[in-house]
Amino acid sequence: MLEKITQLKEELESVSVSALEQVEELRIKYISKKGLLNQLFADFKNVPADQKKAVGQAINELKEFALQKINELKESFENADQQAGSDDLTMPAEPMRPGTRHPLSIVRNEIIEIFARLGFTVAEGPEIEDDWHVFSALNFPPEHPARDMQDTFFIQKNPDVLLRTHTSSVQVRVMEKTQPPIRAIFPGRVFRNEAISARAHCIFHQIEGLYVDENVSFADLKQTLLYFSRELFGEKTQIRLRPSYFPFTEPSAEMDVSCSICGGKGCNVCKYTGWLEILGCGMVDPNVLDLCGIDSKKYTGFAFGMGIERIAMLKFGIKDIRHFFENDVRFLRQFESAY
Ligand code: 2U9
C-alpha cells in the first residue's frame, strides 16, 4: 500500500494541465467522495497493525499534498484569467460605489442651512488656541476647573497653548476684529480630556451661534431657537428653557425639545420625561463683550452652543458615539439616503 501511495504522489507531482476543467478532473479523481484518497482511507482497515502508523501518516501526507497542489493549479488559472481580462481595454470597469456623506456632516450642513435662512453666516478658526481666546476673554476665572489639565489638552512645553475645548474662541476672534451687527454660527471640532465611552469622546463637534446688535433680547433668542428646533425636528416641536450657568452668558439656560420619537408622551429615549436636552444658551455677559472690544453699553447679544454628535444620535437613533469616529463603511453607508 505504501508503494501505491508513493506512486500516486509522484503522479501528482509531475501532472501537467492546460485548462481549468482538467484541474476539476484531478480534484474528482483524488479528493472527491469516491476519489482515490477516500478509497485509500477505506482500505486502511485491512492494513496489518504493525504498518498502520506508517501507512496512516503517508495517506495523510498525500491528502495534504493533493489539496495544496489542486488549489495552486486552480489559483494559477484564475489569476491568468484576471490578467488576460485586464489586457482587454474594451472591458467595462468594475462598478465603483461612490462614498457617502458622514452623518455628522449631514447634520452640520442641515443646521448651517437653517441658520442661513435667518441671515447667519459661517465662521471658522484654529483648533490649536491660546488661553486668552478659550478661557480669559470668556470670563473664566483663573481657578475655573475647565482650565485644569484634567479637562483640557495643553501643549506640554507651553501652558498657554492648548486644544480648544469649545468653538467659542472663534466668536472671540470675530468680535475682536468686527463691530456689530454680528450674526454668525461657528461649526468645528473640539477637544476635551475625557475618558472615551458610549456617551462621551475626547474629540467631538460643536456648532455655536452668536448674534450681537443694538437691542438684542432674550425674546429674540427664544424665537430663534424655536424656529431652529421646528426646522430640525419637525413643526410640532415644543421647546422649554431651564435656568443654568455658564461663565460667558448671563442669564444662561439649557434648552430641551419635546421628544420627536414619542411626541412628548414619554419613551426610553427621553427617559419617560417627554423632553430631550439639546443645547445651552444665554445673553452674552457684558463683561465678555467689553473684553472682546465691543461696547456693552451700546450692544447686547445672545449665544448658544450644541454638540453635533448628540443631535445626530437623537436624529438617527445612534446609541454609541464611537461609531462616528470608527469610519466603518457598514455604519457610514446607512446614511446614503439621509441627504
Ligand atoms: C461668546 C459668548 C457666549 C456659547 C454657549 C453654550 C451655552 C453651551 C454646550 C452645549 C453642549 C457645549 O457641546 S456642548 O458641550 N454649550 O451650553 N455655549 S452659550 O456662548 C458664547 C460663546 C462665545 C463670546
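Helices, of at least four residues, and strands, of at least two, are taken here as DSSP runs and are numbered from the N terminus. The structure described is a predicted model.

In this model, helix 7 (168-177), strand 6 (203-213), strand 9 (275-284) and strand 10 (300-307) each contribute at least two residues to the shell around the ligand. Of the elements that build this shell, strand 10 gives the most, with five residues. The ligand is surrounded by 18 residues in total, and the closest of them are Gln 171, Gln 206, Phe 246, Gly 280 and Gly 305. When the shell is divided by residue character, ten residues are nonpolar, six are polar and two are charged.

Oxygen atoms of the ligand are approached both by a side chain and by the backbone of the protein. For Gln 206, a polar side-chain atom is placed 2.9 Å from an oxygen atom of the ligand, whereas for Gly 280 a backbone N or O atom is found 3.5 Å from an oxygen atom of the ligand. On its own the ligand has 570 Å² of accessible area, and 88% of this area is covered by the protein.

With regard to the overall division of the chain, the domain assignment gives domain 1, spanning residues 2-86, and domain 2, spanning residues 103-335. The C-alpha centres of domain 1 and domain 2 are separated by 68 Å in the predicted model.

A further element of the fold is an open sheet of three strands, in which the strand order is 2-4-3 and the pairing is antiparallel. Strand 2 (128-130) and strand 3 (154-155) form the edges of this sheet, each of them pairing on one side only. The connection between strand 3 and strand 4 (residues 158-163), which run antiparallel, consists of two bridges; in one bridge pair, Phe 154 has Leu 162 of strand 4 as its partner.

Towards the end of domain 2, whose assigned range is 103-335, Phe 335 is located in the segment that follows helix 12 (329-332). The relative accessible area of Phe 335 is 7%, and this residue is therefore classed as buried, the limit for that class being under 20%. Phe 335 and Ile 106 are 229 residues apart along the chain, yet the C-alpha atoms of these two residues are separated by 8.6 Å in the model.

Notes: Residues numbered from 1 in each chain as written. Predicted model: local features only at pLDDT ≥ 70, side-chain atom pairs only at ≥ 80, totals over all residues. Heavy atoms only, no water. Near = heavy atom within 4 Å. Polar contact = N/O pair within 3.5 Å; in protein donor to acceptor, adjacent residues only side chain to side chain. Areas by Shrake-Rupley, 256 points an atom, 1.4 Å probe, with all protein chains shown as cover. Nonpolar A, V, L, I, M, F, W, Y, C, P; charged D, E, K, R; others polar. Domains from an automatic or database assignment. Pairing = 2+ DSSP bridges. Buried < 20%, exposed > 50% of the residue type's maximum accessible area, 1.4 Å probe, protein only.
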